[in-house]
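Subject: Handover of a structure and findings

Dear colleague,

Please find below the structure that I am handing over to you. My findings follow it.

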Amino acid sequence: MVQKTLREKLAILSDAAKYDASCASSGTEKRDSSGGKGLGSTEGMGICHAYAPDGRCISLLKILMTNFCIYDCVYCVNRVSSNVERARFSVEEVVWLTLEFYRRNFIEGLFLSSGIIKSPDDTMGNMVRIARELRTTHNFRGYIHLKTIPDASPGLVEEAGLYADRLSVNIELPTDAAVQRYAPQKSPLTIRRSMADLKLKIVENREPTLVRKRVKKFAPAGQSTQMIIGADGSSDTDILMRSEALYSGYDLKRVYYSAFSPIPDSSAVLPLIRPPLMREHRLYQADWLTRFYGFSATEIASAHPDGMLDLDMDPKLSWALANRQHFPLDVNRATRESLLRVPGFGTKTVNRILTSRRQRALRYDDLLRLGAVMSKAKPFVSCLGWSPVKLGDSDGLKQRFKAAPKQLSLF
């Protein structure tokens, strides 16, 4: 068998990692290496680009340790029955790549996942070795995100949390029935138990105790998960309800949505085409509403009787059009909770409105100055000198927000 070069392995295993969407470094502690001790930093400039909530662009080396796998999940391009080119990094190769990429200012950290080889413990053990080598031997202070394996022993996962900034366990699909059908070797119960154990460890190490005066760092950026959308028949409502349960039950930092992508030699049970990328985008928008705008998944779903989000407009606007009885809102009197539901008002805009209206009554121009997107907001608010007269017809109003039709090309 011809041995692959490191460059060839990198090409194969970085391409194989592109299907994993849960790649972001928001929430990590800010390790500083400016004093000359250690390598890497989670701050400053930094082949994957992730974006933190504050807008920072973070560059990560995003790879699989190997795309060999003993599992046969039908939606996975790296399943054991898949006819793809295989490769495997050694522990030393991943450590060397991470350090060399950082020294060349290509990256600020590492996102590492893997197929399952030999056994979950064998694979997880090698991933822990990589993180331990980087932290203890090379004093690497950049960001590390490890994708943990649900069936691995608790001791290995606990050790991983001592070296990684974030850990994640893939929920795989929106429903237990879908997991059992498409990934029969994986257990939804085991996945949720792993997430619960991670939550307990993170909480346990968050506060000092009488025995341990200093807080032990354990996955300081928390845990996240990912689910594939469009591979099964789950509706957007099913997906959002599952995400809401995951956030409340396991204190997740993020749920990532990855649109199913057709794979070579796929099973007949899978769809032939991928879902529109706009569906993935709308789910992220709806997810944001539940996390930062006070919406529940049930409220968002109530605007869509068929269970699917409107691809033509964002879910906040869609909800507002379906609930015209709550509008218009007087921006000089409405509560923060109500203002957050106005299309075109973000959290920063609402905070500015609340601060500014303490000084004087706000006008239409003031809202523009404060950052409100009035092209969306004006039918839903009133203020000094402005009232949305003749904008109350919900059917006509919906057509105004629809995207203009485009002439299709024959070529």
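In this predicted model, the largest nonpolar core comprises 106 residues. Tyr75, Leu112, Ile130, Phe345, Leu367 and Phe380 have the most contacts inside that core. Leu367 may serve as an example: leaving aside residues up to four places away in sequence, Leu367 touches Val331, Ile353, Leu362, Ala372, Met374, Val381 and Cys383. As background, nonpolar side chains tend to be buried together in soluble globular proteins.

Helix 1, which spans residues 6-16, has several buried positions, namely Lys9, Leu10, Ile12, Leu13 and Ala16. These buried residues of helix 1 pack against strand 2 (57-64) and helix 2 (91-103).

I turn next to a pair of helices. Helix 6 (residues 188-204) packs with helix 7 (residues 236-250) at an angle of about 35 degrees, and their axes are 10 Å apart. On the side of helix 6, Arg192, Met195, Ala196 and Lys199 take part in the contact; they meet Arg242, Leu246, Gly249 and Tyr250 of helix 7. Sorted by class, the contact between helix 6 and helix 7 consists of 4 nonpolar, 1 polar and 3 charged residues.

Helix 7 also appears in the lining of the largest cavity, where it supplies the largest share, 4 residues. The space in this cavity is about 30 Å³. Its lining is formed by Leu240, Ser243, Glu244, Tyr247, Tyr257, Asp287, Thr290 and Ala297. The elements that contribute two or more residues to this lining are helix 7 and helix 8 (277-292). By class, the residues lining the largest cavity are 4 nonpolar, 2 polar and 2 charged.

Helix 8 leads on to the second largest pocket, since helix 8 gives the most to the lining of that pocket, with 8 residues. The volume of the second largest pocket is about 400 Å³. There are 18 lining residues, and Gln285, Trp288, Leu289, Tyr293 and Asp314 are the closest of them to the centre of the pocket. Two or more lining residues come from helix 8 and from helix 10 (315-322). The lining of the second largest pocket divides into 8 nonpolar, 4 polar and 6 charged residues.

In brief, helix 7 meets helix 6 and lines the largest cavity together with helix 8, while helix 8 also lines the second largest pocket.

Yours sincerely

Notes
Residues numbered from 1 in each chain as written. Predicted model: local features only at pLDDT ≥ 70, side-chain atom pairs only at ≥ 80, totals over all residues. Heavy atoms only, no water. Axes fitted to C-alpha atoms, helices over the stretch in contact; angles between N-to-C directions. Contact = heavy atoms within 4.5 Å. Nonpolar A, V, L, I, M, F, W, Y, C, P; charged D, E, K, R; others polar. Core = buried A, V, L, I, M, F, W, Y, C linked by side-chain atoms within 4.5 Å. Buried < 20%, exposed > 50% of the residue type's maximum accessible area, 1.4 Å probe, protein only. 1 Å grid on protein atoms, 1.4 Å probe; cavity = no way out; pocket = protein on both sides within 12 Å on 5 of 7 lines; lining within 4 Å. Points joined across faces, edges and corners; volume = space filled by probe spheres on them.
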